[in-house]
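The following exercises treat the fold, the interior and selected residues of one protein. Each task is followed by a solution in steps.

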Amino acid sequence: HTQGDFALSRQSSAYASVLRVGKMTEFIRRVTQEDPLTGEMTTVETRQSLPCVVLPDSAVMSNGVQAGSMISQKSRKCIAAAKGAVFNLQSGDVMVWLGEGWTILGATPLDPNASGTIIWEFGVTR
């Protein structure tokens, strides 16, 4: 097996796990737009629900920092399935987990089969 094959199978199995054990989680994007005629600012909200897994504190963050040391900052690493998504997750979007809003810090799309993104890995903070 090459390292690429290993990464591909790891991502595919992560996707299967998220679909199996993930909790339907709401993601919210808020975009503020200015009305060109009135100059009035309005916020447009788009919502979607995707299967999501929040990794335990003991999971290692992608930059090598132990997530356990991040508890004071209230940060977590998550994985969400992309199937049925109406928008790609990105920094600034909000994830609602157990009734609380968590801000997405950045999302990495994973596309093991080059057939379109199937999962996102991302960090959240509150």
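**Exercise 1. State how β1 and β2 pair, and over how many bridges.**

Step 1. Strand β1 (residues 23-34) and β2 pair in the antiparallel sense over twelve bridges. Strands and helices here are DSSP runs (strands: E, at least two residues; helices: H or I, at least four residues), numbered from the N terminus. Two strands count as paired if DSSP finds at least two bridges between them.

Step 2. Within this pairing, threonine 25 stands opposite leucine 50 in β2.

Step 3. The hairpin of β1 and β2 has six residues between the strands, and glycine 39 takes a positive phi near 75° there.

The model is predicted: local features need pLDDT of at least 70 and side-chain atom pairs count only at pLDDT 80 or more, whereas totals for chains, interfaces and linings use all residues. Residues are numbered from 1 along each chain as its sequence is written, and side-chain values use heavy atoms, with hydrogens and water left out.

**Exercise 2. Determine the order in which the strands form the sheet.**

Step 1. Begin with the inventory: the protein has one helix and six strands. Along the sequence they follow the pattern α-β-β-β-β-β-β.

Step 2. Recall the general principle that strands of a sheet pair through backbone hydrogen bonds, either parallel or antiparallel.

Step 3. Consider further pairs. Strand β2 (residues 41-54) pairs with strand β3 (residues 75-81) in the antiparallel sense over three bridges; here valine 54 has cysteine 78 of β3 as its bridge partner. β1 is also joined to β4, again antiparallel, by three bridges, and isoleucine 28 stands opposite valine 94 in β4.

Step 4. The result is a closed barrel of six strands in the order β1-β2-β3-β6-β5-β4, with antiparallel pairing. Neighbouring strands of this sheet are turned by 45° against each other on average, direction ignored (the axes are lines fitted to C-alpha atoms, and angles run from 0 to 180 degrees between N-to-C directions).

**Exercise 3. Identify which residues of the largest nonpolar core touch the most other members.**

Step 1. Fix the terms. A nonpolar core is a set of buried Ala, Val, Leu, Ile, Met, Phe, Trp, Tyr and Cys residues joined through side-chain atoms within 4.5 Å. Buried means under 20% relative accessible area, exposed over 50%, and partly exposed in between, with a 1.4 Å probe and protein chains only.

Step 2. The largest core has 15 residues, of which Phe27, Cys52, Leu89, Met95, Phe122 and Val124 touch the most other members. Two or more residues each come from β2, β3, β4 (94-97), β5 (100-110) and β6 (119-125). β6 gives the largest share, three residues.

Step 3. Examine one member. Leaving aside residues up to four places away in sequence, phenylalanine 27 touches twelve listed neighbours, including Leu50, Cys52, Ala80, Met95 and Phe122 (contact means heavy atoms within 4.5 Å).

Step 4. Another core, of nine residues, lies apart from the one just described; among its members are Tyr15, Ile79, Leu110 and Ile119.

**Exercise 4. Explain why cysteine 52 and cysteine 78 form no bond with each other.**

Step 1. A search of the whole structure finds zero disulfides, a disulfide being a pair of cysteine sulfur atoms within 2.5 Å.

Step 2. The closest cysteine sulfur to that of cysteine 52 belongs to cysteine 78 and is 4.9 Å away, so the two are too far apart for a bond.

Step 3. Cysteine 52 is buried at 1% relative accessibility, and cysteine 78 is buried at 0%.

**Exercise 5. Decide whether leucine 98 and isoleucine 119 are buried or exposed.**

Step 1. Leucine 98 is located in the loop between β4 and β5. With a relative accessibility of 66%, leucine 98 is exposed.

Step 2. Most residues other than glycine have a negative phi. Leucine 98 has a positive phi of about 50° although it is not a glycine.

Step 3. Isoleucine 119 lies in strand β6 and is buried, its relative accessible area being 0%. Isoleucine 119 and alanine 82 are 37 residues apart in sequence, yet their C-alpha atoms are 5.1 Å apart in space.
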